[in-house]
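Reader: Please take me through this structure, and set each term that you apply against its criterion.

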Amino acid sequence: MPSIHSIPMYSAIRIPPEKGAEIRAFLLEKGLFDRTRKIQKLKTEKGLFLEIPVKEAAGDKIGSFTVFEQENPVFSEKTKSLKEYLKDTLTKEELISGVPTGWQVLGDIVIVSIPAALESRKGLIAEALLTMYPKCKSVIRDFGIEGQFRRPKREVLAGTKTETVNKEHGCLFKVDVTKLMYSKGNLFEKKRMSGLGRGEVVVDMFAGIGYFSIPIAVHARPQKIYAIELNPESFAFLRDNIKLNHVENIIVPLNGDCAEVTPKGVADRVLMGYVGTTHHYLEAALRAFKQSGGILHYHETVPEKLAESRPAARIREAAEALGKKVEILECRRIKKYSPGVLHVVVDARIFE
Ligand SMILES: C[S@@+](CC[C@H](N)C(=O)[O-])C[C@H]1O[C@@H](n2cnc3c(N)ncnc32)[C@H](O)[C@@H]1O
C-alpha cells in the first residue's frame, strides 16, 4: 500500500496580484521559488489571485500565506520537452512520427499513449518520462478503456508500482491504474457536486472508487451517502478511499448492480454518473427518492442536436410511468464525448 508521502507534492501559495513582485523576490532570495512550475493568475469567488509554486521546504506557511497542494500545476516550458530528452536516442523520423506530447500524471505514476510505430522505443520513452518527472515511480502505457466496468487496457513500461494515491480537491483517491480508469476530467462537475447535499441522504448509483461520493462526504457532510458499485475491484478501492478520507460515518458502500440494490424511498438526491445506458437505471433512481422527492443528476451521452430534448424526455417518461412529476432545472454540458456527441448532466426536481 503506498504511503501518503509517496504522492508528489506540488506546493503553492495564493497571494493578491499586487504583492506578486515583492513575494517572488522574497521566495527567490530564500531559495523557495519552484522554477519548474509557472505562476498562475486565478479568478475565484474570493477574487483574483496569483498562485505561486513553492518548494516543499517552504513548510506550512510563508509569512501569513498558507502553503497548500496545487491541484493543477502548470510546468514551465523551460523544462525540456520529451522530444528533447529523446533527441540523442531516437532517429529524426522516429522523433517526428509521434513522440507523445501529452500524458497523465496520477499520484506518482505517468500514464501515456504511445503509437504502434514507436513500439520498439517504448522503454526509452518511459525512461525519458521518469527523468522528466523525478518524483514519479512508474510509467504505464494506455491503450484505451473498454466495457461496462470502464476497464483500461494498460502495460507497465517502467517501474513496478501500479497503485497510487491521487490528491484532488482536498480528497485522496487510491487506485490501481492497471485495473481501473481514473477520470481527471469532470473536475468542475466533481467540485459542483461537492458543494451539494449538506444534511441530506444521497444515493450515488455508479460510485466507482468514490469520484463523487468522497468529495461530497468530505466537503458537504451529508447525513448519509449510499455509494453503489458493481465492479468488485472498484468496490475494494471505494472502501479503501472511504477509510483514507475518514468518512466511514457518512458513506455506506453497497456492492451490486444498482438496478437491484439501490435502496428505495430514502434519498433527497440521486446521482447517475454513468454514460451509455444510464436511462436503463432511471426506474431504480426514481424509486430511491423519499416520498417528498428530491434532486436527480442524470448523465447521458447524446448527439449534440438532441442534448436539450432527449435526456429530459427520458426522465419525464420514466417518472410518468411511476406517477411522479418532474421539473427540469438545468441541462449542463460536461464535455465533448466523441465527434458530434456530448456528455451532459440534467438536474431535475422529482416530486409526487
Ligand atoms: C465511469 S464510472 C463513474 C464514476 C463516477 N460516478 C464518475 O462519474 O466519475 C462508472 C462506474 O459505474 C460502475 N457500474 C456500471 N454499471 C453498474 C451498475 N449496473 N451498477 C452499479 N455500478 C455500475 C462501473 O463499474 C464504474 O465503476
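**Terms and their grounds**

Author: His246 sits in the loop between helix H7 (232–244) and strand S15 (251–255); helices (H or I, at least four residues) and strands (E, at least two) are DSSP runs, numbered from the N terminus. This is a predicted model, in which local features need pLDDT of at least 70 and side-chain atom pairs count only at pLDDT 80 or more, while totals for chains, interfaces and linings use all residues. Residue numbers run from 1 along each chain as its sequence is written.

Reader: Why does His246 count as exposed?

Author: A residue is exposed if 12 or fewer other C-beta atoms lie within 10 Å of its own, buried if 20 or more do, and partly exposed in between, with C-beta atoms placed from the backbone. His246 has 11 C-beta neighbours inside 10 Å, so it counts as exposed. His246 also has a positive phi of about 55°, although it is not a glycine.

Reader: What makes His169 partly exposed?

Author: His169 has 14 C-beta neighbours inside 10 Å, and therefore counts as partly exposed. His169 is found in the loop between strand S11 (163–168) and strand S12 (171–176). Its phi is positive, about 50°, although His169 is not a glycine.

Reader: How do you know that Val105 is buried?

Author: Val105 has 21 other C-beta atoms within 10 Å, so it is buried. Val105 lies in strand S7 (residues 104–106). Leaving aside neighbours within four places in sequence, Val105 is in contact (C-beta atoms, placed from the backbone, within 7 Å) with Val110, Tyr133 and Cys136.

Reader: Why is the largest nonpolar core said to lie between domain 2 and domain 3?

Author: A nonpolar core is a set of buried Ala, Val, Leu, Ile, Met, Phe, Trp, Tyr and Cys residues joined through C-beta atoms within 7 Å. The largest has 77 residues, and those with the most contacts inside it are Met205, Val270, Met272, Ala285 and Ile315. Strand S19 (residues 341–351) gives the most to this core, with six residues. Domain 2 (82–161) and domain 3 (185–351) both give residues to this core, so it lies between them; the domain bounds come from an automatic or database domain assignment. Apart from this core lies another, of eight residues, among them Tyr10, Ala12, Ile52 and Ala58.

Reader: What does Val270 touch, not counting residues up to four places away in sequence?

Author: Val270 touches Val203, Met205, Ala285, Ala288, Phe289, Gly294 and Leu296.

Reader: Why are the buried residues of H5 said to line one face of the helix?

Author: In helix H5 (residues 187–194), Glu189, Lys190 and Met193 are buried. Seen down the axis of H5, its buried residues fall within an arc of 100°, so they line one face of the helix; the arc is that of the directions from the helix axis to the C-beta atoms. Their cover includes helix H6 (213–220), strand S16 (269–272), strand S18 (325–338) and S19.

Reader: Which residues come nearest to the ligand, and how does the shell around it divide?

Author: A residue is near a molecule if its C-beta atom, placed from the backbone, lies within 6 Å of it. Of the 20 residues around the ligand, Phe206, Gly208, Tyr211, Leu230 and Gly273 come nearest. The shell divides into 10 nonpolar, seven polar and three charged residues. Here Ala, Val, Leu, Ile, Met, Phe, Trp, Tyr, Cys and Pro count as nonpolar, Asp, Glu, Lys and Arg as charged, and the others, Gly among them, as polar. The shell draws at least three residues from each of domain 2 and domain 3.

Key: Contact = placed C-beta atoms within 7 Å.
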